[in-house]
Amino acid sequence: MAAIAEQVLRLVLWLCLLCAIFLPLERRFAVHQEEAGERQRWPDLFYYFANSLLPMLLLAVPMALAAQLSRSIVPAAVPTTLSALPLAARLLLALLVSDLCAYWAHRLAHRWPLLWRFHAVHHSPTHVYFLTNTRAHPVDLLFVRFCGLLPLYVLGLAGPSVAGSATPVAVILLGSVWGFFIHSNIRVRLGPLEWLLSTPAFHHWHHTRHEHIDRNFAAMLPLLDRIFGTYYLPRTWPADYGTDTPVASDLGGQLAAPFAPAAASTALDRTES
Ligand SMILES: [Zn+2]
Ligand SMILES: [Zn+2]
C-alpha cells in the first residue's frame, strides 16, 4: 500500500512537471486553439494515473510467464549473447525491437475489430494535446505495452536483475516522455531529425478522422512506417481529429462500452471500411 502511495506521489510530481513544460508551450505555439468543452480534464486525469499504475501492477506476472514459456522456442544462445552486450548497445537494440513490436501491435489494433473497440478511445478526442498520450482504454494500453516489452525479456535484452531491469525502465521512461511530446499541441518541426524521430506533426496525422488514420503507427521511429508503407508527413498540419466510431462521452461509458456485444458490429464497420 505504501509502495502504491509512493507511486501516486511520484505521478503527481511528474504531472506538475509536464504541466509546467507543456501548458505554456501549447498556449504560445498552439497548432489548434481548443474549443469550449473539447478537453475532458477529469477523464484525462483518470487515464493518466490509471494507465501509469496498471502496467506496473498487472504486467509483471504475465510477462514473466510468457518469457519463461518462450525459452523453449528461442535458442539459448540468443539471450546469452544479447544480454552480454554493453548497456548502450542493449538500450539501442531494445528501443528498436520494442518500437517494432509496438508498431505491429498498434497496427493490429486498427485492423482487428476486437482491439479497435478499445483503441477507439485513444482516437476519440477532437482536440489533441499532451495528455492525449495517456488517454487510452487500459486494455488497449496493456496490450500494446505487453507486446512492446515481452520481446525484450524473450531476447535477453531485459531480465529480473537490477541490471536487467535498466533497459525496460529506460524504454518505458523514454517512450512516455516522447509520447507526451508527440501528442502535444505544439507547432514544431524538427527538420532532418524527422527522418529519425517521430514528432507532433507525424503523430497528429495519425489522429485524423479519415484517410490518414491508418498511417504513422510508430511511437518513436518513423523509419518503421517508411519500411512498411504507412508513412505520411506533408508540410501541413491536420484540420481535424477524432474517429467516426461512436465513443461514450463519459468515463464510465468509455471504460464499459468496449466490453458490450454491440461494440463488435461498430468496430467491424470501422475496420472493414
Ligand atoms: Zn491508433
Ligand atoms: Zn496517439
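# Exercises on a twelve-helix chain with a zinc site

Ten of the eleven residues in helix H6 (residues 113–123) are buried, so the rest of the structure largely encloses this helix. Buried means under 20% relative accessible area, exposed over 50%, and partly exposed in between, with a 1.4 Å probe and protein chains only. Helices (H or I, at least four residues) and strands (E, at least two) are DSSP runs numbered from the N terminus.

A quick setup note: this is a predicted model, where local features need pLDDT of at least 70 and side-chain atom pairs count only at pLDDT 80 or more, while totals for chains, interfaces and linings use all residues. Residues are numbered from 1 along each chain as written, chains are lettered from A and ligands numbered from 1 in the order written, and side-chain values use heavy atoms, leaving out hydrogens and water.

## Exercise 1: the enclosed helix

Work out which residues of H6 are buried, and check Pro113 by its accessibility.

Step 1. Go through H6 and you get Pro113, Leu115, Trp116, Arg117, Phe118, His119, Ala120, Val121, His122 and His123.

Step 2. Now take Pro113, which sits in H6. Its relative accessibility is 18%, so Pro113 counts as buried.

Step 3. For a long-range check, pair Pro113 with Asp240: they're 127 residues apart along the chain, and their C-alpha atoms are separated by 24 Å.

## Exercise 2: the zinc ion

Find which residues coordinate the zinc ion (ligand 1), and say how these donor residues are spaced in sequence.

Step 1. Pick out the donors: N, O and S atoms within 2.8 Å of the metal (3.2 Å for Na, K and Ca); water is not among the atoms, so sites may look incomplete.

Step 2. That gives you the NE2 atoms of His106, His110, His119, His123 and His206, at 2.1 to 2.2 Å.

Step 3. Write the spacing as a pattern: H-x3-H-x8-H-x3-H-x82-H.

Step 4. Check two of the donors for burial. His110 has 0% relative accessibility and so counts as buried; His119, at 4%, counts as buried too.

## Exercise 3: the whole chain

Describe the fold in terms of helices and strands, then test its compactness against the globule rule.

Step 1. Count the elements: twelve helices and zero strands.

Step 2. Compare sizes. The radius of gyration is 19 Å, close to the 19 Å from the globule rule for 273 residues, so the chain is as compact as a globular protein of that length. The radius is taken over C-alpha atoms, and the rule is 2.2 Å times the number of residues to the power 0.38.

Step 3. Add the dimensions: the C-alpha trace spans about 55 × 45 × 45 Å along its principal axes.

Step 4. Look inside: 46% of the 273 residues count as buried. As for contacts (heavy atoms within 4.5 Å), residues 24 or more positions apart account for 74% of those with a separation of 6 or more.

## Exercise 4: an unusual phi

What is the sign of phi at Asn216, and is Asn216 buried or exposed?

Step 1. Place Asn216: you'll find it in the loop between helix H9 (200–206) and helix H10 (223–228).

Step 2. Read the backbone angle. Phi at Asn216 is positive, about 55°, although the residue is not a glycine. Most residues other than glycine have a negative phi.

Step 3. Finish with accessibility: at 0%, Asn216 counts as buried.
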